[in-house]
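Work through the exercises below with the sequence and the model open. Each task is followed by a solution in steps.

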Amino acid sequence: MSITITGGRVLTGGGLVEADLRLEGSEVTAFGSAGAGLRLDARGLLVLPGIVDIHGDAFERQLMPRPGVAFAPEMALLDTDRQAVANGITTLFHGVTRSWEPGLRGAESARAILVALEALRGELAADTRFHLRHEIFNVAGEDEVLEWLTQGRVGALAFNDHMAGIVKARTTKAAKLATMIARSGLAAEAFMALVDRVYARRHEVPGSVARLARAARGAGVPLLSHDDATADDRRRYRALGCRVAEFPMSVEAAREAVDASEETVFGAPNVLRGGSHTGCPAAADMVAEGLCTVLASDYYFPALPAAPFRLASDGVLPLEHAWALVSRNPARALGLDDRGEIAPGRRADILLMDPARSAVRATIAAGRLVHLADGGLVDHRQAG
């Protein structure tokens, strides 16, 4: 398909400029060039690079909308894809947890999601990848993860450690622990017995993590650490090749990453809500301090297109710089050098957005119009 976008303000490397934009096939071809094919009238709208979501687990609500109520991964992923492109997400890394616990975040669920994702890849509008969130205490699952890495089935590998929180929750956070138990599908006594068995193998964790990190590096898979609490945590994971810090839990950890020219990821919902729901650093404050380089959907897709506009309206960053947090920077963090910016030769991932409402009016992914919220944007008078 050939698409010409006319009359909008296009975000380029030089900022927002009034220009027409030409797309041929899956690439941006030229500025100010018209031709046959579909024409979109973007007057009054912003023409922005498609969003790259480095980490999102909102798909879990489609898989298990209520505890113990599960639906087929294929149905869940197709519905999630429609939600993603409606919110301007053209590259989507599903954060799939492969834990030692059964249920929604267990090995069986992760396998089913991976198989469904691979089967659906040609049908999904967004470029969708498997972001494996490996619980490091899941040493029993190491061999299978190593196999996935060598087979090229993993788009990104993050090291998670929620065991400390679970052990602590036994005495201090009963409500949080109840949620984990409900998600697993086990009775409370069986869940805690499983925790004890897994925790007893803690001496095996460092070696397992080192082997997985080495395999990921060899396969060219981006490595991320999750919830670094201290600068020492960040340095330890850096030594393993993790150059992205997901949701650092302290200013100290975030600063350690940024000072080493590494990426730091915070949640876009955190920006809109004015702070973290877990008591961690406020994302907007981290952006203002230069300690946040990437925003992720985390658990709520609509936050991603809205967060840069909130940062701009609050005077934290100009929009053209804030938008890089959801486009150019996550693409760079994941080694995707063909997207994240609007320029000739780049992948044609484009959004038309209403700046007054921070609303996505149209989404183009790899040159295909995959979401259109307003049919009035199609210029039928000039269509070829």
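**Exercise 1.** What volume does the largest cavity have?

*Solution.* The model is predicted, so local features need pLDDT of at least 70 and side-chain atom pairs count only at pLDDT 80 or more, while totals for chains, interfaces and linings use all residues. Residues are numbered from 1 along each chain as its sequence is written, and side-chain values use heavy atoms, with hydrogens and water left out.

Step 1. Take the definition: on a 1 Å grid over the protein atoms alone, a cavity is a set of points where a 1.4 Å probe fits but cannot get out, and lining residues have an atom within 4 Å of a point. Grid points are joined across faces, edges and corners, and the volume is the space filled by probe spheres set on the points.

Step 2. Searching the whole structure gives one cavity of 30 Å³ or more. The volume of the largest cavity is about 30 Å³.

Step 3. Its lining consists of P49, G50, R339, G340, E341, R347 and D349. By class, the lining has one nonpolar, two polar and four charged residues (Ala, Val, Leu, Ile, Met, Phe, Trp, Tyr, Cys and Pro count as nonpolar, Asp, Glu, Lys and Arg as charged, the others, Gly among them, as polar).

**Exercise 2.** Determine how strand β16 is enclosed and paired.

*Solution.* Step 1. Locate β16 at residues 350-354; strands are DSSP runs of E, at least two residues, numbered from the N terminus.

Step 2. Check burial (under 20% relative accessible area, 1.4 Å probe, protein chains only). Five of the five residues of β16 are buried, so the strand is largely enclosed by the rest of the structure. I350, L352 and D354 cover one side, and L351 and M353 the other.

Step 3. Find the partners; two strands pair if DSSP finds at least two bridges between them. Strand β7 (residues 46-49) pairs antiparallel with β16 over four bridges, and V47 stands opposite L352. Strand β17 (residues 359-365) is joined to β16 by five bridges, also antiparallel, with A362 as the bridge partner of L352.

Step 4. Inspect the link: β16 and β17 form a hairpin with four residues between them, and S358 in the turn has a positive phi of about 50°.

**Exercise 3.** Is H55 buried or exposed?

*Solution.* Step 1. H55 belongs to strand β8 (residues 51-56).

Step 2. H55 has a relative accessible area of 1%, so H55 is buried.

Step 3. List its contacts (heavy atoms within 4.5 Å). Beyond neighbours within four places in sequence, H55 touches residues including F93, H131, R133, H226, E246 and D298.

Conventions. Buried means under 20% relative accessible area, exposed over 50%, partly exposed in between (1.4 Å probe, protein chains only). On a 1 Å grid over the protein atoms alone, a cavity is a set of points where a 1.4 Å probe fits but cannot get out, and a pocket is an open set with protein on both sides within 12 Å along at least five of seven lines; lining residues have an atom within 4 Å of a point.
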